[in-house]
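Biologist: Could you take a close look at one part of this model with me? I would like to go through the sheet and what packs on it.

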Amino acid sequence: MAELNTVARPYTKAAFEHAMGKGILDQWSEMLTTATAVSQHETMKLVLGNPGLTSDQKAEAMISVCEEQMEPSAKNFITLLAENQRLALLPEISAQFEQLKANQQHSVEVSVTTAFDLGEQQQQKLTQALSSKLGREVSLTTEVDKSIIGGVIVRTDDLVIDGSIRARLAKLAEAMNS
């Protein structure tokens with residue numbers, strides 16, 4: 001995973017700088033999301049993994065499916081990835097692009113897992129508290145996982161705060177076994 005991250009970074013940086021310079025961050029974001037979804041489709045995986053096809057043919061296959069969302073420089077980007085045999089990096093490039101975009105826009109995506117469904121008012125309070133703590137606008141997504149028993153797990157960027165009962169019980173069990 002770290003290797004994919006490292007290899008994808010220069011492509012992401014170049015795409016982000018280009019899109020930002022042209023003022024088309026949202027368009028590139030949509031294009032990368034679409035291209036990622038297309039590249040992960042079973043039929044496209046067969047095309048992209050076919051050793052009998054040239055990099056130009058693979059790029060053309062991707063572009064023909066995503067063409068409506070691609071401006072000329074985006075088509076060049078997909079062609080470059082194909083030539084360098086890096087189309088498999090599209091999910092990582094897209095994820096890194098979204099992170100750079102969020103940082104640029106001073107916002108952050110936060111995923112919260114709870115044992116029980118949070119009401120709208122609880123979500124608003126949690127969003128405000130996290131926004132204050134992180135110093136950025138928070139886009140909150142919630143998930144219910146009854147296996148955590150109680151408490152909450154907060155995930156954002158590289159930060160994970162596991163305040164679940166399950167984690168506390170695991171820590172207690174570990175301490176008792178030591």
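How many bridges join strand β1 to β2, and do they run parallel or antiparallel?

Modeller: Happy to! A word on the basis: this is a predicted model, where local features need pLDDT of at least 70, side-chain atom pairs count only at pLDDT 80 or more, and totals for chains, interfaces and linings use all residues. Residues are numbered from 1 along each chain as its sequence is written, and side-chain values use heavy atoms, leaving out hydrogens and water.

Strand β1 (residues 107-114) is joined to β2 by 8 bridges, and the two run parallel. Strands here are DSSP runs of E with at least two residues, and helices are runs of H or I with at least four, both numbered from the N terminus. Two strands pair if DSSP finds at least two bridges between them. One bridge partner in β2 is Glu 137, which matches Ser 107.

These strands belong to an open sheet of 4 strands in the order β2-β1-β3-β4, with mixed pairing. At its edges lie β2 (137-144) and β4 (159-162), each pairing on one side only. From one strand to the next, the twist averages 15°; angles run from 0 to 180 degrees between N-to-C directions, with axes fitted to C-alpha atoms, for helices over the stretch in contact.

Helix α7 (residues 120-134) packs on this sheet and touches β1, β2 and β3 (152-156), where contact means heavy atoms within 4.5 Å. The direction of α7 makes about 130° with that of β2.
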